[in-house]
Amino acid sequence: MSSDAKKVFKAEIDEEEYVRLLESKIRFLESERDKLMMKIRFYKSEIEKLLSPPLIEAIVVNVLKNGKVVVKSSTGPNLVVKVLSSIPLEKLRPGQHVALNNRGSTIVDVLPEHEDPYVKSMEVIDRPSVTFEDIGGLKEQVRELREVVELPLKNPELFEEIGIEPPKGVLLYGPPGCGKTLLAKAVAHESGATFISIVGSELVQKFIGEGARIVREVFQYARKKAPAIVFIDEIDAIAARRLDIGTSGEREVQRTLMQLLAEIDGFKPLDKVKIIAATNRIDILDPAILRPGRFDRLIEVPLPDLNGRYEIFKVHTRKMKLGRDVDLYELARLTEGATGAEIKSIVTEAGYNAIRNNRRQVIREDFIYAIKKVMSKKKIRDKNAEYLMDRSEKDYSRYMLQ
Ligand SMILES: Nc1ncnc2c1ncn2[C@@H]1O[C@H](COP(=O)(O)OP(=O)(O)OP(=O)(O)O)[C@@H](O)[C@H]1O
C-alpha cells in the first residue's frame, strides 16, 4: 500500500473509533440522565409529601347502609364521612384505623394496625402462672385477698344472698420487694382472671399527656376481658396529696387521678373487675382515694419476719439440690431485714457460687457467701434511700413553712 493510501485508511479507522467513542459517551450520558430523572421524581414526591396538608386519624365506628361511615376522629367527635371510591368498604370494619382528608370529610386511606400508647403502657396476662404456693409467708394477706377479691369474682351470688358488698378496690402497701405484685398475680390466677397491670409513674412520666386516656381505655379493656384484675403499681405517683397543682405537669397528674376515681366510682361492687393497687408510700396518698367505695380495704405487706423469711427460702430453694449442711432456719436468722426479692437473689447468687466451684449441689458455704454479698449491697442501698427520704421530708417541711 502506498503511503497516501495508508493515510486515508488510518483516517477512516480514527473516524470509526471516534464515532464509537461518541456513541458510548451518549449511552453513558443517557443513563446519567435517567438516573437524574429518577432523583428528580423522588425529590418531587418528597416535596409533595412535605407540602400536603396533614391527614386526620380516625377509627371506624360503623358502616352505614348508604355507604357512608361513622368514625371517631382523634380530634374529638364522631363524624359521618364519605369514602374514597378506591377503598373497598369491606376493609372498613369497626375499630379499623383510617386517615381522613384534612377537611375531615372523606376516608382517603386505610392505616396499618399500629400500637396505641395505651397498649404499650400495660402488661396483660390472660391468667398469670403464679400461684399461692409461690408465696412464702403472708398467709393472712392471702386469706384476706381470697375473701375480698377471689370470692366475689367467683361466687358473686353468695354476696347477693347475704346482702353485703365486697370492696371494689384493695390497696396493698409496704416496702418494695415484699410480694405485692406476686400476691396480685396469684389472686388473678386463682380467680381465673385476666391480669392487667399499669404503673403509676409510667402514666405520668413516660406517656405524658396520655394518662387519663390510658386509664379510661385500660378500664374499658378490663370490662371486655372480665373477670379481670387491674393492678396499678406505684399508685402514689398519681395519687399523692398535691402540694400545688399550678404546674401543667401537676394538672396532668390530677386529671389522671380524677379519671381513675371516676372509673372506680363507675363500677358496682359485684362487677367482674377488681382493682388492686400497690404503694410503698401510703403516708403520702390523697385521702380521696381511700374513701369508702374506692380503695377501702388496706392490706399491709410488711418485711418478712423470721418465719416469713424461712418460708420464702423454702419457696425459692424448692427446685434446688441442697447440701445436707444447709439449714433454712439458720439462713432466715442471718438475713434479718431482707426483703423477699433479696432472699430470691441470695438463693440465685448461692446457686451461681456452686456452679463456679464445680459443685453439683448448693452448700451452706455458698449461701453464706451470697448472704454477705447481697446484704452488704443492701446496706449501701438502704443508706442512700434513707438519705434521699430525709431530703424529701426536709423539702416538704421547707415548702410548708413558706
Ligand atoms: N413473700 C414472697 N415469697 C416469695 N417470693 C417473694 C416474696 N416477696 C418477694 N418475693 C420475690 O421478689 C420478687 C419481687 O417481689 P414483688 O414484685 O412481688 O414485690 P413488690 O412488693 O411488688 O415490690 P415493688 O414495690 O418493688 O413493686 C418476686 O418476683 C419474688 O421472686
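A residue is called buried when its relative accessible area is under 20%, exposed when over 50%, and partly exposed in between (1.4 Å probe, protein chains only). The structure is a predicted model, in which local features need pLDDT of at least 70 and side-chain atom pairs count only at pLDDT 80 or more, while totals for chains, interfaces and linings use all residues. Residues are numbered from 1 along each chain as its sequence is written, and side-chain values use heavy atoms, with hydrogens and water left out.

A good place to start is helix α7, which runs over residues 211–225; helices are DSSP runs (H or I, at least four residues), numbered from the N terminus. Among the buried residues of α7 are Ile214, Val215, Glu217, Val218, Phe219 and Tyr221.

Next comes helix α12 (residues 340–356), the home of Glu349. Glu349 is buried, at a relative accessible area of 15%. Leaving aside residues up to four places away in sequence, Glu349 touches Arg356, Tyr369, Ala370 and Lys373, where contact means heavy atoms within 4.5 Å.

Helix α12 also helps to surround the ligand: α5 (180–191), α10 (306–316) and α12 each supply at least two residues of the shell. This shell holds 18 residues, the closest being Gly136, Gly177, Lys180, Thr181 and His316; a residue is near the ligand if one of its heavy atoms lies within 4 Å of it.

The backbone takes part as well. A backbone N or O atom of Gly177 lies 2.8 Å from an oxygen atom of the ligand, and a polar backbone atom of Cys178 is 3.2 Å from a ligand oxygen atom.

Note on methods: Expected span 1.5 Å × (residues − 1). Polar contact = N/O pair within 3.5 Å; in protein donor to acceptor, adjacent residues only side chain to side chain.
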